[in-house]
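Please open the model in your viewer and keep the sequence panel beside it. The stops below are given in the order in which you might select them.

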Amino acid sequence: MTDSKTSGLPEADPSDWPEAWLIPDEVEDQYALNKLEPNVPVSVEDLKKIGISYWKMDAESYEYPTKSVPWDPKDAMDPKLNQLRDDRGYSYADIITVHPDHLPDFENKLKAFFEEHIHDAEEIRYILGGSGFFDVRDQEDKWVRVQIKKGDLMTLPEGIYHRFTCDDKHLIHAMRLFKGVPVWTPFNRPCDDHESRKKYVESFPPVTEGKQLEEAAC
């Protein structure tokens, strides 16, 4: 039930998807891996069930500026990125670098990025360099940490509860893509009455304890 059906470019093979795992509800260090003990991995199938889409891109062969706000996606030289842009209707892009040397008030900005929130549009990130994490809520409202690295292009559906952080290297070079006029407004949780959240829950309904038992019995 993802938007990938609107794209002619096939998503990455499951073996190429980023690693994902469950993390505690509360973490002391947002930049750490924060894996449970023992680790509880999350499968590609489970990521798709909550609306995540993913493509493996070639970030080595093409050069991008450190920062460009905006950056015209029509300037892309990568044919794969061009196809994805055209298939999915991305008309706006910008390029940012999340690093203490390039992002003023770095620590406070990263704390803000790490607040749980939704957006009223799909979120698209193409990682051009560095590494970090997207945390997303699964259908049981548990935190799933998805590790993102250079060459990863991932989309989060409108209305999903999520947050973002770089890792302990404190560097992410990323392209943000958007359909139409960009609106980056976060709506912090709780916002279950927001239309985008209602739309998400309708498309990806939560798994209740009763439903879990029913599936386990099948």
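Begin by selecting N82, which lies in helix α2, the run of residues 79-88, and bear in mind throughout that this is a predicted model. With a relative accessible area of 17%, N82 falls under the 20% limit and therefore counts as buried. If you now display its contacts, leaving aside the neighbours within four places in sequence, you will find P73, A76 and M77.

Widen the selection to the whole of α2, whose buried residues are L81, N82, L84, R85 and R88. Looking down the axis of α2, you will see these buried residues fall within an arc of 165°, so they line one face of the helix. As a reminder, an α-helix has 3.6 residues a turn, so residues three or four places apart point the same way. Turn to the other side of α2, and P79 and D86 are found there, both exposed. To see what covers the buried residues of α2, add the strands β2 (53-56), β5 (123-137), β7 (152-156) and β9 (172-178), which are included in that cover.

Next, zoom out to the protein as a whole, whose secondary structure comes to five helices and ten strands. For 218 residues, a compact globule would have a radius of gyration near 17 Å, and the value for this protein, 17 Å, agrees with that. Taken along the principal axes, the C-alpha atoms fill a box of roughly 50 × 40 × 35 Å. Colouring by accessibility will show that 48% of the 218 residues count as buried, while a surface representation corresponds to an accessible surface of about 11,400 Å², of which 50% belongs to carbon and sulfur atoms. Among the contacts with a separation of 6 or more, 76% are accounted for by residues 24 or more positions apart. If you colour by charge, the 27 positive and 44 negative charges have mean positions 2 Å apart.

The backbone deserves a closer look at several loops. Select E37 and P38, where the peptide bond is cis, with omega near -5°; P38 has its place in the loop between β1 (20-22) and α1 (44-49). Then move to V69 and P70, which are also joined by a cis peptide bond, here with omega about 0°, and note that P70 is found in the loop between β2 and α2.

Which value of phi does D105 have, although it is not a glycine? The phi of D105 is positive, about 55°, and this residue lies in the loop between β3 (92-98) and α3 (106-113). D105 is partly exposed, with a relative accessible area of 49%. H170, likewise a residue other than glycine, has a positive phi near 60°, and its place is in the loop between β8 (162-166) and β9.

Finish at H117, which sits in strand β4, residues 117-118, and which counts as buried at 8% relative accessibility. Once the neighbours within four places in sequence are set aside, the contacts of H117 are with I160, Y161, H162, R163, P186, F187, N188 and R189. As a last selection, add C191 and draw the distance between the two C-alpha atoms: H117 and C191 are 74 residues apart in sequence, and 8.2 Å apart in space.

Conventions:
Residues numbered from 1 in each chain as written. Predicted model: local features only at pLDDT ≥ 70, side-chain atom pairs only at ≥ 80, totals over all residues. Heavy atoms only, no water. Helix = DSSP H or I, 4+ residues; strand = E, 2+ residues; numbered from the N terminus. Buried < 20%, exposed > 50% of the residue type's maximum accessible area, 1.4 Å probe, protein only. Contact = heavy atoms within 4.5 Å. Rg over C-alpha atoms; globule rule 2.2 N^0.38 Å. Areas by Shrake-Rupley, 256 points an atom, 1.4 Å probe, with all protein chains shown as cover. Lys, Arg positive; Asp, Glu negative; His and termini not counted. Charge placed at Lys NZ, Arg CZ, Asp CG, Glu CD. Arc of directions from axis to C-beta.
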